[in-house]
Amino acid sequence: MKVFVVSLKRSVDRRERIQKHLDALDISFEFFDAIDGSIENFQYSDHARPVTTKKRKGYSLKTSEIACFASHYAMWQKCVSLNESIVIMEDNVDPIANAKQIIELSFEHIQTYNYIKLSATHKSPFHRILDLTSEFQLGGYKKKTCGTTAYIISPKAAQRFIDNAQTFLEPVDDYMEKPWRHQVQTYSVSPDLFTRADITSTIGSTRKDKSGISPFNKIYIELFRTYESLMKSLHWKNK
């Protein structure tokens, strides 16, 4: 079982922090150098389509969001090149005490479920599929959970994510939970194995505002939102 931590090479303090946490749990891992959005014309930056995103969403992706998408895109390529399922996590997480055991138990089911999240930023009613232990279950949430904190992915799911992400139109966590785009369902472990650490995000929280949108564009944005809600109701079937 290969574990990769996506982290900016220059984020020395963050790397030391996550190294300490994972070493304490005897979780062997490799750092995967995240794509740095501070570098001009960074890898895969040309996949962004700001005009389309603005038209559909009413906002523009931040450079750091595009770089985050690019980093996970590169990780999916790594998964396909290895031709084996892998665990991917970000460097700003805090694992629970028995995270290793539950990850290993979850990993046994990845060929069946292909994409298993190990934490959920937003919770909703959870549908249990099977018990991993008396405390932890594998299943699916009723609504999208957001976040790319930690997940297990198979080469099959990684290839589908790659094939349908030739353009970056939304944040990567949003894209990954749209099965009508790539035919990959989102499964989750509950309760969470990881939580967000109380450290500053490298993505940040401020978006460019939605000012300057015409009434026609506002109608289009609402229609597109309705379309995606309909597609979710038809395709969200992680049971």
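1. Tyr-175 is buried, its relative accessible area being 0%. The model is a predicted one, and the points below concern its aromatic rings. Phe-69 is likewise buried, with a relative accessible area of 0%.

2. The model contains 15 aromatic pairs in total. One of them joins Phe-69 and Tyr-175: the ring centres are 5.5 Å apart and the planes stand at 40°, so this pair is classed as tilted. Phe-69 belongs to helix H3 (residues 63-82) and Tyr-175 to helix H7 (residues 172-176); the contact therefore ties together parts that lie 106 residues apart in sequence.

3. The rings of Phe-224 and Tyr-227 also form a tilted pair, because their planes meet at 40°, with 5.7 Å between the centres, and an angle counts as tilted when it is neither under 30 degrees nor over 60. Both residues are located in helix H9 (residues 215-235), where a spacing of 3 residues corresponds to about one turn of the helix.

4. The two members of the H9 pair fall into separate accessibility classes. Phe-224 is buried at 13% relative accessible area, whereas Tyr-227, at 40%, is partly exposed. The cut-off for burial is under 20%.

5. Phe-69 and Tyr-175 are both members of one aromatic cluster, which is completed by Tyr-44, Tyr-73, Trp-76, Tyr-115, Tyr-151, Phe-161 and Phe-168.

6. Two charged side chains are placed over aromatic rings. The charged end of Arg-15 sits over the ring of Phe-31, at 4.4 Å from the ring centre. The charged end of Lys-55 sits over the ring of Tyr-220, at 4.8 Å from the ring centre.

How values were computed
Residues are numbered from 1 along each chain as its sequence is written. This is a predicted model: local features need pLDDT of at least 70, side-chain atom pairs count only at pLDDT 80 or more; totals for chains, interfaces and linings use all residues. Side-chain values use heavy atoms; hydrogens and water are left out. Rings of Phe, Tyr and Trp (its six-membered ring) pair if their centres lie within 6.5 Å; planes under 30 degrees apart count as stacked, over 60 as edge-to-face and the rest as tilted. Helices (H or I, at least four residues) and strands (E, at least two) are DSSP runs, numbered from the N terminus. Buried means under 20% relative accessible area, exposed over 50%, partly exposed in between (1.4 Å probe, protein chains only). A charge sits over a ring if NZ of Lys or CZ of Arg is within 6 Å of the ring centre and within 35 degrees of the ring normal.
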